[in-house]
Amino acid sequence: MARLPHACSCPRDSRMKRSGYWKFALLGVAWLLAVPPAKAACNSPVAMQILGSGGPIAEGSRAGSSALLWLDGKAVLLIDAGSGAFVRYGEAGARFEDHLAIAITHFHADHAADLDAILNSGGFSDRTADLPVIGPVGSDYFPGMRDHLRALFDPQAGAYRYLSGYLDGSEGKVRLLPVEASPDGATLVFEDVARQVKVTAVPVEHGVVPALAYLVEIRGRTIVFAGDQNAMSQGFVDALAGRRPDILVAHNVIPEGEGQPRGLHRPPGSIGEMAAAIDPKLLVLSHNMQRALVRQQEGEAAIRQHYKGPMVVADDLACFAL
Ligand SMILES: [Zn+2]
């Protein structure tokens with residue numbers, strides 16, 4: 001009879017005990033002491049941190065799309081919460097009680113799958129203040145933010161009905177305030193005047209998926225999260241042209257050439273055109289799929305035909321001081 005392969009190639013416990021378990025443990029402690037926490041790079045008064053730089057395919061160590069805005073050491077905004085963001089959120093040292101708002105660009109799972117996990121984690125925090133949760137309006141094919149939260153937490157039909165207190169603030173839960181942005185044009189969806197934080201949602205084209213980009217203004221700095229969008233998103237480019245943001249985060253999902261889902265995403269040349277029109281001080285490429293990364297040199301050359309400014313390919317937990 002054929003034998004099933006062992007589930008992993010790790011040494012078995014008994015063997016480790018005989019031949020160096022304590023060496024492994026000591027090496028681990030030494031590594032933890034030598035590597036500073038990722039949050040240390042975000043100690044600037046204003047910073048943007050990529051939590052997840054990949055998705056939607058589990059093809060390495062990149063989590064799905066997610067980012068934090070840090071203000072005076074507090075993670076005040078969470079933009080997207082894709083698959084794997086929950087772990088990066090904890091590694092980054094984000095605290096649920098510090099959030100002013102959460103904003104989701106659209107309801108593809110690689111942008112929203114860990115929203116419920118992060119909200120559940122937040123249920124163990126000391127937060128009492130209501131929390132605005134921003135997203136698109138629904139369509140025939142996708143829920144809007146209001147329906148998405150109902151699908152999770154409705155007391156009768158929600159997947160996590162035991163957490164229904166999130167809808168009304170009962171049972172010791174934080175009340176979530178759904179905010180749906182207009183699909184017809186730029187909408188101011190959040191503002192905290194005292195802290196100088198402002199979020200504007202801008203509709204983008206992403207196939208049949210209702211989708212948003214976010215313009216975040218935070219203490220005089222400007223960060224644009226382009227989100228998933230195709231090359232038809234000219235309204236987005238027009239709304240931002242000439243604003244010269246400090247950072248434009250663009251999604252590096254497909255390579256150049258035929259056979260790619262251009263109805264959903266911009267190929268590199270189109271990212272370059274978008275970046276040239278918006279003219280950021282730094283272009284950050286995230287949502288880096290392997291199919292794009294294996295042809296990254298070619299992709300960057302296509303971007304460079306249009307955009308000549310600074311550009312980086314982000315990894316998970318990369319931090320950008322502003
Ligand atoms: Zn998407």
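What percentage of the 322 residues of the chain count as buried? In this predicted model, in which residues are numbered from 1 along each chain as its sequence is written, local features need pLDDT of at least 70 and side-chain atom pairs count only at pLDDT 80 or more, while totals for chains, interfaces and linings use all residues. Side-chain values use heavy atoms, with hydrogens and water left out.

Of the 322 residues, 49% count as buried, a term that means under 20% relative accessible area (1.4 Å probe, protein chains only). The chain contains eleven helices and 14 strands, taken as DSSP runs (H or I, at least four residues, for helices; E, at least two, for strands) and numbered from the N terminus.

The largest pocket (on a 1 Å grid over the protein atoms alone, an open set of points where a 1.4 Å probe fits, with protein on both sides within 12 Å along at least five of seven lines) has a volume, the space filled by probe spheres set on the points, of about 190 Å³. Its lining, made of residues with an atom within 4 Å of a point, comprises 18 residues, of which Pro183, Pro203, Val204, Glu205 and Ala211 lie nearest the centre. Strand E8 (197-204), strand E9 (211-218) and helix H8 (234-240) each supply at least two lining residues, and H8 gives the most, with three.

The second largest pocket holds about 160 Å³ of space, and the residues that line this pocket include Leu71, Asp72, His99 and Arg219. By class (Asp, Glu, Lys and Arg count as charged), six of these lining residues are charged.

Key:
Buried < 20%, exposed > 50% of the residue type's maximum accessible area, 1.4 Å probe, protein only.
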